[in-house]
Amino acid sequence: MNEAQPARCRRLIVFAGRVQGVGFRYTAASAARDCRVNGYVRNCADGTVELLAEGTVDNVGRLLNSLGKSFPGYIEQQTVQELDPPEQFDSFEIRR
């Protein structure tokens with residue numbers, strides 16, 4: 001009997017607010033590894049932080065929930081964009 005594979009996704013999330021200079025990227029990288037999500041996080045010139053997350057829908061959701069709990073009052077807005085195809089990364093990295 002074959003078990004169905006969990007649904008996978010690839011999402012680009014842009015966080016706005018006070019998200020630079022507060023340990024956001026390092027916290028995001030640690031949480032992504034804990035949630036078994038691959039991709040990257042980086043600061044953008046406009047003061048936002050961009051996070052690309054690849055993994056199961058549940059794990060990516062857990063990551064975003066974790067970041068919301070870790071930075072209450074810091075994240076003023078987050079924009080989520082669904083991307084294709086998944087599986088470009090085999091780890092999670094902090095980009096400069």
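1. Helix α2 on the sheet. In this predicted model, α2 lies across β1, β3 and β4. The helix runs at about 145 degrees to β3. Helix α2 covers residues 57–70.

2. Helix α1 on the sheet. Helix α1, residues 24–34, lies across β1, β2, β3, β4 and β5. Its direction is at about 170 degrees to β5. The buried residues of α1 are Phe24, Arg25, Ala28, Ala29, Ala31 and Ala32. Note that an arginine, Arg25, is in that buried set. These residues pack against β1 (8–17), β2 (38–43), β3 (49–56), β4 (75–82) and β5 (92–95). They also pack against α2.

3. The helix pair. Two values describe such a packing: the angle between the axes and the distance between them. For α1 and α2 the angle is about 145 degrees, and the axes are 9 Å apart. The crossing of α1 past α2 is right-handed. On the α1 side, the contact is made by Phe24, Thr27, Ala28, Ala31, Ala32 and Asp34. Helix α2 contributes Arg62, Leu63, Ser66, Leu67 and Ser70. By class, this contact of α1 with α2 holds 6 nonpolar, 3 polar and 2 charged residues.

4. Sheet order. The sheet is open and has 5 strands, in the order β4-β1-β3-β2-β5. Pairing is mixed. Why do β4 and β5 each have one side without a neighbour in the sheet? Both stand at the edges with a single partner strand, so one side of each is left free of a neighbour. On average, neighbouring strands are turned by 20 degrees against each other, direction ignored.

5. Strand β3 and its partners. β3 is mostly covered, with 8 of its 8 residues buried. Strands β1 and β3 run antiparallel and are joined by 8 bridges. Within that pairing, Arg11 has Ala53 as its bridge partner in β3. Strands β2 and β3 are also antiparallel, joined by 6 bridges. Here Tyr40 has Leu52 as its bridge partner in β3, and Asn43 stands opposite Val49.

6. The β2–β3 hairpin. β2 and β3 form a hairpin with 5 residues between them. Gly47, in the turn, has a positive phi of about 95 degrees. Thr48 lies in the loop between the two strands. Is Thr48 buried or exposed? Its relative accessibility is 12%, below the 20% cut-off, so Thr48 counts as buried. The side chain of Thr48 makes a polar contact with the side chain of Asp46, at 2.6 Å. Beyond its neighbours within four places in sequence, Thr48 is in contact with Val14, Phe15, Ala16, Val19, Gln20, Arg42 and Asn43.

7. Glu50. This residue sits in strand β3. Glu50 is buried, with a relative accessible area of 12%. Which side chain joins that of Glu50 in a polar contact of 2.6 Å? The partner is Tyr40. Tyr40 also appears among the contacts of Glu50 outside four places in sequence. The others in that list are Leu12, Ile13, Val41, Arg42 and Cys44.

8. Thr56. Thr56 belongs to β3, and helix α2 begins at residue 57. Thr56 is buried, at 12% relative accessible area. Its side chain reaches the backbone nitrogen of Asn59 at 3.0 Å. Setting aside neighbours within four places in sequence, Thr56 is in contact with Pro6, Ala7, Arg8 and Cys9. Thr56 and Cys35 are 21 residues apart in sequence and 9.5 Å apart in space, C-alpha to C-alpha.

9. Arg36. This residue comes just after α1, in the loop between α1 and β2. Arg36 has a positive phi of about 60 degrees although it is not a glycine. Is Arg36 buried or exposed? Its relative accessible area is 69%, over the 50% cut-off, so Arg36 is exposed.

10. Points to check on screen. Look at α1 against the five strands it lies across, β1, β2, β3, β4 and β5. Then follow β3 from Glu50 to Thr56. Finish with the two positive phi values, at Arg36 and at Gly47 in the hairpin turn.

Methods:
Residues are numbered from 1 along each chain as its sequence is written. This is a predicted model: local features need pLDDT of at least 70, side-chain atom pairs count only at pLDDT 80 or more; totals for chains, interfaces and linings use all residues. Side-chain values use heavy atoms; hydrogens and water are left out. Axes are lines fitted to C-alpha atoms, for helices over the stretch in contact, and angles run from 0 to 180 degrees between N-to-C directions. Helices (H or I, at least four residues) and strands (E, at least two) are DSSP runs, numbered from the N terminus. A crossing is left-handed if the near helix is turned anticlockwise from the far one by less than a right angle, and right-handed if clockwise. Contact means heavy atoms within 4.5 Å. Ala, Val, Leu, Ile, Met, Phe, Trp, Tyr, Cys and Pro count as nonpolar, Asp, Glu, Lys and Arg as charged, and the others, Gly among them, as polar. Buried means under 20% relative accessible area, exposed over 50%, partly exposed in between (1.4 Å probe, protein chains only). Two strands pair if DSSP finds at least two bridges between them. A polar contact is a pair of N or O atoms within 3.5 Å; within protein, one must be able to donate a hydrogen and the other to accept it, and residues adjacent in sequence count only if both atoms are side-chain atoms.
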